[in-house]
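Dear colleague,

I am passing on the structure we spoke about, with notes on a pocket and on some helix contacts. Please read them with the model open beside you.

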Amino acid sequence: MIEGLNAMERLGHIMTNKNSRICAEFDMDAVPKSFREKFNTDLCDEIVYEYAVSYFQIIANTIPAVKIVAKERGRLYWHIAELAKQLGFFVICEIEQEEVGYIMESKTKVIAENKTIDAVIININLDDSDNSQILHFLKLLKETEKAAFIKVKEVKKKTKKIWWKVFQKKKEETLRQYFSHLQIEKMCYDEMGKLTYSMVGVAIEKQQDYEFISTYTFSLICNYEEEKLGEVVNLFDGEGQGALAVINFANKTQEDWEEALAKEVIKKNKRLNDAINEFYGREEE
């Protein structure tokens with residue numbers, strides 16, 4: 001942990017040092033076939049961990065953040081998260097709103113108090129009017145100097161109304177006020193008294209999620225597509241801060257996955273940086 005900086009400032013610091021705006025999504029269940037075949041045994045925790053070691057070492061000098069995903073967050077999940085933290089990554093995990101209630105009720109506070117996690121993506125149901133658990137969880141995150149990214153869950157209605165219509169017609173005022181309150185409440189100032197990005201950001205999946213973005217809101221781009229880069233490049237500020245693109249580089253079948261991973265990381269990072277520089281009329285760094 002970088003002393004004296006809050007979570008979003010730490011993220012920005014790492015992004016600047018590595019000149020990268022990418023969060024690598026590490027899937028624990030996507031170990032390449034060529035890697036698995038090195039071992040004369042079935043896929044086990046030891047093999048997954050060794051894959052994580054190899055994967056992280058390849059991207060460590062280029063990628064500032066990792067989001068770790070798995071079917072279950074057992075002991076292995078936290079070992080891999082700790083490994084990522086030791087290698088200098090900004091570590092992100094994702095939870096469902098239902099888990100927030102479980103964490104509070106069980107009083108384990110596993111995620112909020114885990115020192116390896118820097119930020120949490122929280123999936124929130126638009127139709128849930130009781131936000132007390134979310135607010136309490138965000139308070140715990142703030143106390144442990146963690147950031148939060150709010151991801152709006154799609155609600156499937158019997159009337160087949162898509163979620164943004166529900167947002168616009170039924171929840172517009174209350175939901176806008178709720179997110180606005182969170183963002184303003186979690187505003188931070190640096191040592192010079194300058195406003196920095198709010199500790200409550202937005203995890204973007206759809207165009208409608210832009211509705212939740214306000215000044216000093218950090219955006220986590222979860223559905224990043226390189227061919228649609230022009231549609232999201234404006235989320236980054238003039239210094240290349242304010243947003244992070246989540247990219248899954250996994251390839252389960254490729255033989256030379258290490259070389260392919262290294263090349264793909266460099267390629268996508270350059271493409272994103274060039275687009276930001278072009279958008280702001282800056283010369284290539």
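How many nonpolar, polar and charged residues does the lining of the second largest pocket have? By class there are 5 nonpolar, 2 polar and 5 charged residues, where Ala, Val, Leu, Ile, Met, Phe, Trp, Tyr, Cys and Pro count as nonpolar, Asp, Glu, Lys and Arg as charged, and the others, Gly among them, as polar.

This is a predicted model, in which local features need pLDDT of at least 70 and side-chain atom pairs count only at pLDDT 80 or more, while totals for chains, interfaces and linings use all residues. Residues are numbered from 1 along each chain as its sequence is written, and side-chain values use heavy atoms, with hydrogens and water left out.

The lining of that pocket includes Ile204, Lys206, Tyr210, Asn223 and Glu231, and the pocket holds about 190 Å³ of space.

Turning to the helices, the axes of H3 (residues 45-59) and H4 (residues 75-86) come within 10 Å and cross at roughly 20°, so the two are roughly parallel (angles under 35 degrees count as such). Their crossing is right-handed, and among the residues that meet (heavy atoms within 4.5 Å) are Val48, Ala52 and Phe56 in H3 and Leu76, Ile80 and Leu83 in H4. The residues of this contact comprise 9 nonpolar, 1 polar and 1 charged.

H3 also packs against H10 (residues 257-279) at an angle of about 35°, with the axes 9 Å apart. Tyr51, Tyr55 and Ile58 of H3 and Trp257, Leu261 and Val265 of H10 are among the residues making that contact, which divides into 8 nonpolar, 1 polar and 1 charged.

With best wishes

Conventions. Axes are lines fitted to C-alpha atoms, for helices over the stretch in contact, and angles run from 0 to 180 degrees between N-to-C directions. Helices (H or I, at least four residues) and strands (E, at least two) are DSSP runs, numbered from the N terminus. Angles under 35 degrees count as roughly parallel, over 145 as roughly antiparallel, 65 to 115 as roughly perpendicular and the rest as oblique. A crossing is left-handed if the near helix is turned anticlockwise from the far one by less than a right angle, and right-handed if clockwise. On a 1 Å grid over the protein atoms alone, a cavity is a set of points where a 1.4 Å probe fits but cannot get out, and a pocket is an open set with protein on both sides within 12 Å along at least five of seven lines; lining residues have an atom within 4 Å of a point. Grid points are joined across faces, edges and corners, and a volume is the space filled by probe spheres set on the points.
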